[in-house]
Amino acid sequence: MGKTLNEIEHAARQDHVPIMLGDGMEFLLEYIRSHPSVMRVLECGTAVGWSAMKIAGVRENITVDTLEIDPEMHAQAVRNIHEAGLDDRVFAHLCDAGLYRTNQYYDLFFIDAAKSQYRMYVEHFLPNSVIGSVFVFDNLNFHGIVDHPELSENRSTLQMTRKIRKFRETMKNDPRFETTWHPDVGDGVMVSRRIV
Ligand SMILES: C[S@@+](CC[C@H](N)C(=O)[O-])C[C@H]1O[C@@H](n2cnc3c(N)ncnc32)[C@H](O)[C@@H]1O
């Protein structure tokens with residue numbers, strides 16, 4: 001028998017797989033519950049498939065395409081999704097999210113892959129969105145370092161967190177989107193709804 005979602009979550013947290021924080025996940029699921037029009041979801045950053053399966057669990061009419069660059073993570077996700085009996089609704093793709101191309105439209109994009117690439121993902125997937133589609137971004141606090149750079153001395157971390165700070169401002173000021181910023185949810189979650 002396959003593992004339950006709780007067991008997958010527990011194992012992932014124990015193995016330090018960076019799955020979404022519990023309250024961030026609950027926030028995203030509540031958003032989807034309260035927006036019945038969300039049926040097609042694209043996720044950047046599958047890890048072990050936990051968040052993709054949680055999203056698919058909200059309603060039976062939801063399908064998820066989820067993208068992962070790491071072959072081992074992808075293989076584990078494929079196993080988990082199969083064992084959960086969700087492989088008719090959760091489709092795991094092994095690829096660099098920034099190179100994934102499809103003609104499919106999505107109602108919601110959950111962006112949880114390479115943090116320094118968030119801006120590029122928005123432009124890359126904009127043609128796959130419609131007015132009303134929503135982009136949800138996780139990790140925009142990056143463990144507090146974005147607002148408190150003194151917490152890190154690592155040059156590449158600081159470079160990346162500067163990029164995240166700039167991205168937050170860019171999205172807030174982007175007239176194509178209505179953006180809400182939730183610094184206290186999970187590791188910092190932003191929701192941008194396409195309005196034009
Ligand atoms: C934060 S984890 C995803 C967690 C997952 N969404 C969850 O909450 O269960 C980020 C994942 O993105 C993957 N990743 C990093 N860069 C990527 C890229 N360019 N394309 C696709 N996946 C990428 C990493 O290998 C990692 O597994």
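In what sense do strand E5 and strand E7 pair, and over how many bridges? Hi everyone, let's start there. E5 covers residues 134-137, E7 covers residues 189-194, and they pair in the antiparallel sense over 4 bridges. If you want a spot to look at, find Phe135, which stands opposite Ser192 in E7. Please keep in mind that this is a predicted model.

A quick reminder for the newer people: strands of a sheet pair through backbone hydrogen bonds, either parallel or antiparallel.

Now go to the other neighbour of E7. Strand E6, residues 177-182, runs antiparallel to E7, and 6 bridges join the two. Here His182 stands opposite Val189 in E7. E6 and E7 form a hairpin with 6 residues between them. In that turn, Gly186 has a positive phi of about 50 degrees.

Let's zoom out to the whole sheet. It is an open sheet of 7 strands, in the order E3-E2-E1-E4-E5-E7-E6, with mixed pairing. Which strands stand at the edges? They are E3, residues 90-94, and E6; each has a single partner strand, so one side of each is left without a neighbour in the sheet. From one strand to the next, the twist averages 15 degrees.

For a parallel example, take strand E1, residues 40-44, and strand E4, residues 108-111, which pair over 4 bridges. Cys44 has Ile111 as its bridge partner in E4.

Next, the helices. H4 packs on the sheet and touches E2 and E3, with its direction at about 160 degrees to that of E3. Helix H5, residues 118-125, lies across E1, E4 and E5, and runs at about 160 degrees to E4.

Let's pick one residue in H4, the helix of residues 71-83: Ile81. Is Ile81 buried or exposed? Ile81 has 25 C-beta neighbours inside 10 Å, and the cut-off for buried is 20 or more, so Ile81 counts as buried. Leaving aside neighbours within four places in sequence, the contacts of Ile81 include Gly49, Met53, Leu86 and Val90. Leu158, by comparison, is 77 residues from Ile81 in sequence and 35 Å away in space, C-alpha to C-alpha.

Finally, the ligand. There are 19 residues around it, and Met20, Gly45, Ala47, Ser51 and Ala97 come nearest. Helix H3, residues 50-56, and strand E2, residues 63-68, are the elements that give two or more residues to this shell. How does the shell divide by residue type? It has 12 nonpolar, 3 polar and 4 charged residues.

That's my tour, thanks for listening!

Methods: Residues are numbered from 1 along each chain as its sequence is written. This is a predicted model: local features need pLDDT of at least 70, side-chain atom pairs count only at pLDDT 80 or more; totals for chains, interfaces and linings use all residues. A residue is near a molecule or strand if its C-beta atom, placed from the backbone, lies within 6 Å of it. Ala, Val, Leu, Ile, Met, Phe, Trp, Tyr, Cys and Pro count as nonpolar, Asp, Glu, Lys and Arg as charged, and the others, Gly among them, as polar. Two strands pair if DSSP finds at least two bridges between them. A residue is buried if 20 or more other C-beta atoms lie within 10 Å of its own, exposed if 12 or fewer, and partly exposed in between; C-beta atoms are placed from the backbone. Two residues are in contact if their C-beta atoms, placed from the backbone, lie within 7 Å. Axes are lines fitted to C-alpha atoms, for helices over the stretch in contact, and angles run from 0 to 180 degrees between N-to-C directions.
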